[in-house]
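These are my notebook entries on one protein chain. I record what I looked up, in the order in which I looked.

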Amino acid sequence: GSEMCIRDSHKMVFFSVSTLLTYIEPLAIFRFFQVLNAKNKRNNATSIYIVDTGMHKESDIQTLKHTMNGFIEFKLDDLKYYLRVEGGGDVMSRAWIEYTFTDKSLDLRGSFSLDHIR
């Protein structure tokens, strides 16, 4: 007969990577995340890591990005909110996308063509 394999999924939020980067050598942090990400992948876990902007060297941020499957960045510019997506699957545009939000929703409608995501 056929067997069905059901894998549990887990979620993890790491708040804040910036604190670690402030007190521990960046190379040690990157090695830690490589191991942690490999274990999370084996355990079918979805992980979110939060990094504060403006606190770290751009080279450290780029190295950290290479340890992740994807990256979502948020920014506030001229009282408008923007996000952009890198990695994490097929992303056709890495442009900043304007969004609005309430305490219950995040609205991307009208911000970009749906052809940019799949």
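**Confidence**

I began with the confidence values: among the elements of the protein chain, strand β1 (residues 10–15) has the lowest mean pLDDT, 81, and α2 has the highest, 88. The model is a predicted one, and I read the entries below accordingly. For the protein chain the mean pLDDT is 79, with 81% of its residues at 70 or more.

**The sheet**

I next traced the strand order. Four strands form an open sheet in the order β3-β4-β5-β6, and the pairing is antiparallel. Which strands stand at the edges? I found β3 (70–77) and β6 there; each has a single partner strand, so one side of each is left without a neighbour in the sheet.

I then looked at the β6 end of the sheet. Strand β6 covers residues 106–107 and contains Leu106. Its pairing with strand β5 (residues 97–101) is antiparallel and runs over two bridges. I looked up the bridge partner of Phe101 in β6 and noted Leu106.

**Aromatic pairs**

I listed the ring pairs and obtained a count of nine aromatic pairs. One of them joins Tyr81 and Tyr99: I classed this pair as tilted, with 5.9 Å centre to centre and 45° between the planes. The pair links distant parts of the chain, as Tyr81 is in strand β4 and Tyr99 in strand β5, 18 residues apart.

Are these two tyrosines buried or exposed? Tyr99 is buried, because its relative accessible area of 9% is under the 20% limit. Tyr81 is partly exposed at 32% relative accessibility.

Tyr81 also forms an aromatic pair with Phe101, and this one is edge-to-face, with 4.9 Å centre to centre and 75° between the planes. Tyr81 belongs to strand β4 and Phe101 to strand β5, so the pair ties together parts that are 20 residues apart in sequence.

Elsewhere I noted a cluster, in which ring pairs link Phe14, Phe32, Phe33 and Tyr49.

**A nonpolar patch**

I returned to Tyr81 and Phe101 when I examined the surface. Which residues make the nonpolar surface patch of about 390 Å²? I recorded Leu76, Tyr81, Phe101 and Leu106. The bridge partners Phe101 and Leu106 are thus both in the list of patch residues.

I checked the accessibility of these residues in turn. Phe101 has a relative accessible area of 45% and is partly exposed. Leu106, at 47% relative accessibility, also counts as partly exposed. For Tyr81 I had already entered 32%, again partly exposed. These three values suit a patch, because patch residues need over 30% relative accessible area.

**Positive phi**

Last, I looked up backbone angles. Asn44 is not a glycine, yet its phi is positive, about 60°. I located Asn44 in the loop between α2 (26–42) and β2 (45–50). With a relative accessible area of 35%, Asn44 is partly exposed.

Leu79, likewise not a glycine, has a positive phi of about 60°. Where does Leu79 lie? I placed Leu79 in the loop between β3 and β4 (80–87). Is Leu79 buried or exposed? Leu79 is exposed, because its relative accessible area of 79% is over the 50% limit.

Key: Residues are numbered from 1 along each chain as its sequence is written. This is a predicted model: local features need pLDDT of at least 70, side-chain atom pairs count only at pLDDT 80 or more; totals for chains, interfaces and linings use all residues. Side-chain values use heavy atoms; hydrogens and water are left out. Patches are made of residues with over 30% relative accessible area and no salt bridge: like charges are joined within 9 Å, nonpolar side chains (Val, Leu, Ile, Met, Phe, Trp, Tyr) within 5 Å. Accessible areas come from the Shrake-Rupley method with a 1.4 Å probe; for residues, only the protein chains shown count as cover. A salt bridge is a side-chain nitrogen of Lys or Arg within 4 Å of a carboxyl oxygen of Asp or Glu. Buried means under 20% relative accessible area, exposed over 50%, partly exposed in between (1.4 Å probe, protein chains only). Two strands pair if DSSP finds at least two bridges between them. pLDDT is the predictor's confidence in each residue, from 0 to 100. Rings of Phe, Tyr and Trp (its six-membered ring) pair if their centres lie within 6.5 Å; planes under 30 degrees apart count as stacked, over 60 as edge-to-face and the rest as tilted.
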